[in-house]
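Here's a quick walk through one protein chain, pitched at someone who likes to look at contacts and pockets. Have a look at the model first.

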Amino acid sequence: SAIVEVACGWRHTVARDTKGRVWGFGANNRGQLSPCTPSVACMSPSSPATDAAASSNRCVTPLARAHIATPTLLNVFESGVQAIKVDAGWSHTLVMAKDGRVVTFGRNDMGQCTPLPGVWDDACAGSEMVMVRRGTHVAAVGWNEHGNLGIGLDSGLQNILEPATVQLSL
């Protein structure tokens with residue numbers, strides 16, 4: 001199996017191989033290389049507002065260590081489900097499954113790992129944000145300090161903790 005996609009975060013890297021498996025290495029101090037799976041318990045703060053709360057938003061897995069120095073297989077989805085895309089933000093990771101599910105894991109102090117239910121056509125991770133697309137519908141979560149989510153100023157320049165629609169007038 002060969003690597004077909006790589007994405008680099010601030011201090012971590014994720015890669016996808018031809019079999020749809022996800023590999024990771026580098027910093028894991030925010031859980032950015034510790035995906036949650038049905039067999040792994042996730043702890044998530046109800047309101048990701050502080051760095052202390054965000055540090056608890058990680059999975060309890062054997063990979064829950066600060067650094068992973070060699071490429072390590074990350075069990076993101078249940079057996080048989082292939083990843084078709086990986087991306088990395090500052091201290092979080094995004095993986096998209098062949099069936100359209102999008103999962104994020106890692107630092108969540110700005111809402112960047114807010115659950116994104118449903119099936120999506122595309123997704124990407126930014127500094128401390130995530131954007132997803134279904135058809136012509138685009139939604140964003142996470143850091144919005146500079147208006148970088150594209151959702152306007154009605155909600156202010158605060159972090160967005162629930163998927164917000166990006167209005168595109170083409």
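The notes below go from the overall fold to two residues, a hairpin and a pocket.

## The overall picture

Keep in mind that this is a predicted model. The protein chain has one helix and eleven strands, and if you read along the sequence, the order is β-β-β-α-β-β-β-β-β-β-β-β.

Of the 170 residues in the protein chain, 48% are buried. As for how far contacts reach, take those between residues at least 6 apart in sequence: 47% of them join residues at least 24 apart.

## Glu5, a buried acid

Let's start with Glu5, which sits in strand β1 (residues 3–8). Is Glu5 buried or exposed? Its relative accessible area comes to 19%, and the cut-off for buried is under 20%, so Glu5 counts as buried.

What does the side chain of Glu5 reach? One partner is the backbone nitrogen of Val86, at 3.1 Å. There is also a polar contact of 2.9 Å between the side chains of Glu5 and Arg16. Both Arg16 and Val86 turn up again in the contact list for Glu5, which leaves out neighbours within four places in sequence and also has Val14, Ala15, Ile84 and Lys85.

## Trp90 and its neighbours

Next stop is Trp90, in the loop between β5 (83–88) and β6 (92–97). Its relative accessibility is 35%; that lies between the 20% and 50% cut-offs, so Trp90 is partly exposed.

Setting aside residues up to four places away in sequence, Trp90 touches Gly9, Trp10, Arg11 and His12, as well as Arg107, Gly126, Ser127 and Glu128. Glu128 is worth a click: Trp90 and Glu128 are 38 residues apart along the chain, yet their C-alpha atoms are separated by 6.0 Å.

## The β8–β9 hairpin

Strands β8 (residues 122–126) and β9 (residues 129–134) run antiparallel and are joined by five bridges. Together β8 and β9 make a hairpin, with two residues between them. If you want a place to check the register, Ala125 stands opposite Val130 in β9.

## The second largest pocket

Finally, a pocket to poke at. The second largest pocket holds about 180 Å³ of space. Its lining has 15 residues, and the closest to the centre are Gly20, Arg21, Asn75, Phe77 and Val81.

How many residues of each class are in the lining of the second largest pocket? There are seven nonpolar, five polar and three charged ones.

Conventions
Residues are numbered from 1 along each chain as its sequence is written. This is a predicted model: local features need pLDDT of at least 70, side-chain atom pairs count only at pLDDT 80 or more; totals for chains, interfaces and linings use all residues. Side-chain values use heavy atoms; hydrogens and water are left out. Helices (H or I, at least four residues) and strands (E, at least two) are DSSP runs, numbered from the N terminus. Buried means under 20% relative accessible area, exposed over 50%, partly exposed in between (1.4 Å probe, protein chains only). A polar contact is a pair of N or O atoms within 3.5 Å; within protein, one must be able to donate a hydrogen and the other to accept it, and residues adjacent in sequence count only if both atoms are side-chain atoms. Contact means heavy atoms within 4.5 Å. Two strands pair if DSSP finds at least two bridges between them. On a 1 Å grid over the protein atoms alone, a cavity is a set of points where a 1.4 Å probe fits but cannot get out, and a pocket is an open set with protein on both sides within 12 Å along at least five of seven lines; lining residues have an atom within 4 Å of a point. Grid points are joined across faces, edges and corners, and a volume is the space filled by probe spheres set on the points. Ala, Val, Leu, Ile, Met, Phe, Trp, Tyr, Cys and Pro count as nonpolar, Asp, Glu, Lys and Arg as charged, and the others, Gly among them, as polar.
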